[in-house]
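I have a model open today and want to keep a short record of what I look up in it. Here it is, for anyone reading along.

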Protein chains: 2
Amino acid sequence: MSLRIALLGLLTAAGPSSGYDLTKLFESSISNAWQARHSQIYPELNKMAAEGLVTVEEAGPRGRKSYAITKEGSAELRAWMLDEQPSRMHRSETALRAFLLPTIEPHEAVALLRGQAEVLAAKMAELEAIRAKASVWRKPGFGRYALDLGIRQTRLLHDWAEETAAEIEKSAGQD
Amino acid sequence: MSLRIALLGLLTAAGPSSGYDLTKLFESSISNAWQARHSQIYPELNKMAAEGLVTVEEAGPRGRKSYAITKEGSAELRAWMLDEQPSRMHRSETALRAFLLPTIEPHEAVALLRGQAEVLAAKMAELEAIRAKASVWRKPGFGRYALDLGIRQTRLLHDWAEETAAEIEKSAGQD
DNA sequence: CGCATCATGTAATTGGTTACATGATTAA
DNA sequence: TTAATCATGTAACCAATTACATGATGCG
């Protein structure tokens with residue numbers, strides 16, 4: 001379900017696009033909200049076209065198809081936003097690693113966390129750079145809230161990793 | 001892969017357990033790190049037993065089987081922690097909703113966010129209560145880091161929802 | 001001409017959910 | 001005795017990844 005919502009959202013934010021365009025938008029723009037490969041996107045767009053949520057235009061060169069959201073598509077998106085209660089489903093490799101930290105030696109855990117923190121600092125810089133640039137979205141507002149949330153979450157993970165490393169180092173030093 | 005790692009971790013933290021026990025542990029203890037149903041857990045335990053990562057003891061009443069982690073299992077877990085680079089894979093319905101906020105009316109977005117904040121405040125209280133209680137884990141340390149991370153993440157989402165609602169309310173009021 | 005990129009698709013497999021199915025034990 | 005809980009499994013289905021497969025266009 002969420003894949004189709006993400007696609008409808010991208011079509012709303014970016015205007016009519018091809019499957020190829022949408023694949024790139026997933027990679028470059030909402031990758032920290034949702035992810036999908038072209039092999040999942042193409043069939044889903046065809047299904048959505050069959051159901052009348054989007055219209056197809058077989059026009060461009062190289063058999064390019066352009067998809068645009070329909071009234072029905074917008075209604076579906078709106079219904080999902082307002083009626084559906086957010087599922088608190090959660091699977092996070094990071095949280096799993098956090099749980100498993102005690103299975104390795106303290107010095108190993110510290111090294112792991114410090115390495116993570118470095119990666120996260122780089123990611124933060126990347127996201128801040130995106131925020132500084134002009135938006136890629138034709139409609140205003142899109143990206144702003146998700147990007148803000150992404151930056152906060154990345155900073156949180158970074159700080160957690162640093163502080164946890166320091167804490168483990170301190171308590172291991174006392175042994 | 002991660003399911004099997006989670007199972008090995010739970011067997012390390014809680015000691016020998018049945019599939020039924022592990023199912024409950026997923027629900028009650030590491031649900032904000034990983035989730036799994038019994039229909040996924042039972043077959044996976046059998047596969048792991050066949051591969052020598054765990055041993056089975058068909059002993060208890062009602063055909064209860066007890067599983068314990070082996071040396072090979074511990075090695076697999078350790079290898080995952082140290083060698084595997086964490087995948088930054090991310091699919092978050094919350095982040096997707098954040099991205100899609102501009103598709104609904106400002107007053108609707110504000111209501112949505114405020115409702116979310118309420119739910120998150122309740123969850124925070126729940127997690128704080130778990131932290132206050134004695135640990136369910138036989139081995140010390142487990143749960144501590146993941147729980148701390150979970151509390152921080154829940155607070156972040158709560159604050160983000162509140163602040164974003166306030167911001168939208170303010171800018172909508174100016175119109 | 002040759003390489004990068006544009007562009008779309010399908011097939012096989014793995015991961016995960018929901019629903020179906022069954023039965024033993026315990027406590028009120 | 002009957003309801004709750006303990007306990008294990010399978011089947012059908014949906015979601016997602018990886019790999020396979022093909023061809024057009026544009027640029028150097």
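My entries cover the symmetry of the two chains, one helix pair between them, and one annotated domain.

**Symmetry**

I note before anything else that this is a predicted model. I began by superposing chain B on chain A: a rotation of 180° does it, with 0.0 Å of shift along the axis and an RMSD of 0.1 Å. The two copies are therefore related as by a two-fold rotation axis. I also checked the contact surface, and 100% of the contact residues of chain B recur in chain A, so the same surface serves both copies.

Which residue of chain B comes closest to the rotation axis? I found Gln153(B), whose C-alpha lies at 3.7 Å.

**Helix pair H5(A) and H4(B)**

Next I looked at helix H5 of chain A (residues 93-100) and helix H4 of chain B (residues 71-83), whose axes come within 11 Å and cross at roughly 120°. Because angles from 65 to 115 degrees count as roughly perpendicular and only those over 145 as roughly antiparallel, I put H5(A) down as oblique to H4(B). I logged the crossing as left-handed.

Which residues meet here? From H5(A) I listed Glu93(A), Leu96(A), Arg97(A) and Leu100(A), and from H4(B) their partners Leu77(B), Trp80(B) and Met81(B). Sorted by class, this contact has 5 nonpolar and 2 charged residues, with no polar ones.

**Annotated domain**

Last, I turned to the UniProt record, an unreviewed entry, which lists residues 91-168 of chain A as "domain: Transcription regulator PadR C-terminal". Over that stretch I read 77% helix and 0% strand. Its end C-alpha atoms are 25 Å apart.

Definitions and conventions:
Residues numbered from 1 in each chain as written. Chains lettered and ligands numbered in written order. Predicted model: local features only at pLDDT ≥ 70, side-chain atom pairs only at ≥ 80, totals over all residues. Heavy atoms only, no water. Least-squares fit on C-alpha atoms with pLDDT ≥ 70 in both. Contact = heavy atoms within 4.5 Å. Axes fitted to C-alpha atoms, helices over the stretch in contact; angles between N-to-C directions. Helix = DSSP H or I, 4+ residues; strand = E, 2+ residues; numbered from the N terminus. Parallel < 35°, antiparallel > 145°, perpendicular 65-115°, else oblique. Left-handed = near helix turned anticlockwise from the far one by under 90°. Nonpolar A, V, L, I, M, F, W, Y, C, P; charged D, E, K, R; others polar. UniProt positions renumbered as here; feature names shortened; annotations may be inferred.
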